[in-house]
Amino acid sequence: MSGRTEDRLRATTAAIGETIRPEDIPALRLDQRGRQFASTQSPYGRWRGGRWLIPLVAAASVATLVTGVAVAGQVLHLMRSLSRPQTGTSAAASRPVQLSAGTPKFIVTSLGGAGSVNATATGRLIARIEPPVDGFAIEGIGAAPGDHMFVLTGQGPHGLVELFRVHLGANGKPGRAVRLPGPSVRLPPSISSNGLISIPAAVSPNGDYVAYAISRQPLGDAASQPATITVVRVADGASRTWRLWPAGRTQISELSWAKGGQLSWIAVIGDATVANGSVVRHRGDALSVAMVLGTALPGRSLTVDSRLVSYGWLSEAATGKSAVLDGPLAGVITRDGDTVAAQILTEHGTRSKLVAMSSANGQITRVLLDGPRSSRADPVGIDGDSLLFTLSPRHEHPNSNYVCGHLALAKLSTAKIVQLPFEIYCSTVWPGEPFIYAW
Amino acid sequence: MERDHDSRGCAVACGPVGLIDSESGADPAAAVSALYAAHALGLTRLALIMTGDRHAAEDIVQEAFCGLHRRWDKLRDPAKALPYVRSAVLNGCRTEYRRSKVAIGPPGGDDYEARLPPAWSAESAALASEERREVVRALLKLPSRQREALLLRYFLDLSEADTASAMHISRGTAKSTVARGLTALRILLGESS
């Protein structure tokens, strides 16, 4: 036996191991529900977990896929509802939280494409949102300030993208979804419906305009489908579309709207670099950006009509290795347009911060949370001073359901953070967005 | 974590068994939490080395301790808690390794290293030197059992008995597996005996 071999083994494994520091270890989250967990039913009326069901459904999907794409889409929908991260409340988590004045009372969520309204303070399900058309799957939710108006984006069973407006009553009950004039876009293929894709949406502060983004879809052709942001006037359906150059990596992930026609957007842009403070086309590089589009500007180019707030690099393009992202990953703009609350990845994507930064120059004005990426905070909605975000969504687990995060709110003015009684369950098999939510 | 840890991530204060003191032993949550505080770092590092994926490693360890908590009432001897968790982590790593092996694809080709998980790739700061990358490549070529045995023995510095217990094999088998693994590793690294 060679001592040198042992020494090399020890030195190498120690070097890898020490990349995890003691402070990186997340707190232990014990499942207080124990073995009851797999058989409980979520407030969304869908089975959560049910490990024995997954192989059954997988087998069913194999048999069904050969019978037709439309049916396979339904099976995928079912598989997702069984296996994807889900949300819900538990006895441990359902203690109501005290909401300060001005905090939205309701959160609209979509799980597996099906919408519902929940009470912010208790997590209680108030009502489900009836699908406006049969087979409609919600793929984006935009919220107007206050608790009254939401816009749902999504696809029907044939892949046609549609927009619907829903008003909530004072008690949170949703009215009938009303179809808005929108795109005549059919996303290939129709199997990509059922929540497998994302169509981010935002509503202008006065509710007169709706914006939605369409990026290259799975199996779609990047060259023929440049990513776009479209703004629609609700009253008459008049619309304008801004485009990015076609690039395979481009994906617009989030929209939010501020006063003065400022629309913030978060994206990864392929074949792009920064020159003189502007995003320009440059083959081979890729950027992660937070930008603000001036919707009153006359152009058609997303990069020309937008100002750059913050950016980082997707290093995959430069190195050819696995993707490492530094820079903004998610973010929303305050209604006054002064501040962007964003999740910023640093140290080659291994750490993240939830920050408030100036929308004018990207300067960080307040760090709300700081930690390893595994405890990242993903801001998704902002209403007044209240920022809605996920807290500690973690890597999906290979074996079973467990609580991998919560919804939380932060008061931007005080940096006070309150965990909301919405647990996020992670489970297995099928990657994808945990769920969609807005307030 | 407030406790001091050695380079393997074991809590210095945890003692030889490292687990459950008499006060927390009655409360499963407290006992499991104490065990987690003492050993999560070391086990997460082990899982990182075995899977190459930090987030997967954290989840595997988290699930192992959650599993221990769920089954606490069936644990007759609290001293078996740590071997149980080690075994659960090994099982989780095997599952993750099989899954990632399918995703990474077979060795070979110019892009093989690019397909590796972050901690095994040349991009990892820990593997800045070619010598260390060579060791990782050699480790990945070993049969799983030999790799596990070597890591338990030389990364966690477990005794032969504890290695055997974690792997659910006899002490003699653990000893011979470690020896064969070292020999294979030495050959792969081109070292003379």
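Among the elements of chain B in this predicted model, helix α4 (residues 112-115) of chain B has the lowest mean pLDDT, at 58, and α8(B) has the highest, at 94. Averaged over chain B, the pLDDT is 77, and 72% of the residues of this chain reach 70 or more. Residues 10-25 of chain B form a stretch in which pLDDT stays under 50. For this stretch the model nevertheless has 35 contacts beyond four places in sequence. The model as a whole scores ipTM 0.81 and pTM 0.56.

Chain B contains 8 helices and 0 strands, and its elements follow the pattern α-α-α-α-α-α-α-α when read along the sequence. Of the 193 residues in chain B, 54% are buried. The accessible surface of chain B is about 8500 Å², with 52% of this area belonging to carbon and sulfur atoms. Among contacts in chain B between residues at least 6 apart in sequence, 59% join residues at least 24 apart.

One pair of helices in chain B can be described in detail. Two packed helices are described by the angle between their axes and the distance between the axes. Helix α6 (residues 144-154) of chain B packs with helix α8 (residues 171-188) of chain B at an angle of about 100°, and the two axes are 8 Å apart. Angles of 65 to 115 degrees count as roughly perpendicular, and α6(B) and α8(B) are therefore roughly perpendicular to each other. On the side of α6(B), the contact is made by B:Arg145, B:Gln146, B:Ala149, B:Leu150, B:Arg153 and B:Tyr154. On the side of α8(B), the residues are B:Thr177, B:Val178, B:Arg180, B:Gly181, B:Leu182, B:Ala184 and B:Leu185. Helix α8(B) is also the element with the highest mean pLDDT in chain B.

The loop between α6 and α7 (160-167) of chain B holds B:Asp157. Phi of B:Asp157 is near 55°, a positive value in a residue other than glycine. Most residues other than glycine have a negative phi. B:Asp157 has a relative accessibility of 40% and therefore counts as partly exposed.

Two cysteines of chain B were also examined. B:Cys66 has a relative accessible area of 2% and is therefore buried. B:Cys93, at 2% relative accessibility, likewise counts as buried. With a cut-off of 2.5 Å between cysteine sulfur atoms, the count comes to 0 disulfides over all chains.

Chain A has 439 residues, of which 56% count as buried. Its secondary structure comes to 4 helices and 25 strands. About 17400 Å² of chain A is exposed, and carbon and sulfur atoms supply 55% of that area. Of the contacts in chain A with a separation of 6 or more, 54% come from residues 24 or more positions apart.

The mean pLDDT of chain A is 74, and 70% of the residues score at least 70. Among the elements of chain A, the lowest mean pLDDT, 34, belongs to helix α2 (residues 53-65) of chain A, and the highest, 94, to strand β9 (residues 201-203) of chain A. The pLDDT is below 50 over residues 189-195 of chain A, a stretch with 30 contacts in the model beyond near neighbours in sequence. In residues 317-321 of chain A, pLDDT again stays under 50, and the model has 11 contacts for them beyond four places in sequence.

Individual positions in chain A include two contributors to pairs separated by 34 residues in sequence. A:Ile424 lies in strand β24 (residues 417-426) of chain A and, at 2% relative accessibility, counts as buried. The C-alpha atoms of A:Ile424 and A:Thr390 are 8.6 Å apart in space. A:Leu314 is placed in the loop between β16 (306-313) and α4 (316-319) of chain A. With a relative accessible area of 11%, A:Leu314 is buried, and its C-alpha atom is 9.2 Å from that of A:His348.

A positive phi is found in chain A at A:Asp271, a residue other than glycine, with a value near 50°. A:Asp271 belongs to strand β14 (residues 262-275) of chain A. The relative accessible area of A:Asp271 is 11%, so this residue is buried.

Technical notes
Residues numbered from 1 in each chain as written. Chains lettered and ligands numbered in written order. Predicted model: local features only at pLDDT ≥ 70, side-chain atom pairs only at ≥ 80, totals over all residues. Heavy atoms only, no water. Buried < 20%, exposed > 50% of the residue type's maximum accessible area, 1.4 Å probe, protein only. Helix = DSSP H or I, 4+ residues; strand = E, 2+ residues; numbered from the N terminus. Contact = heavy atoms within 4.5 Å. Areas by Shrake-Rupley, 256 points an atom, 1.4 Å probe, with all protein chains shown as cover. pLDDT = per-residue confidence, 0-100. Axes fitted to C-alpha atoms, helices over the stretch in contact; angles between N-to-C directions. Parallel < 35°, antiparallel > 145°, perpendicular 65-115°, else oblique.
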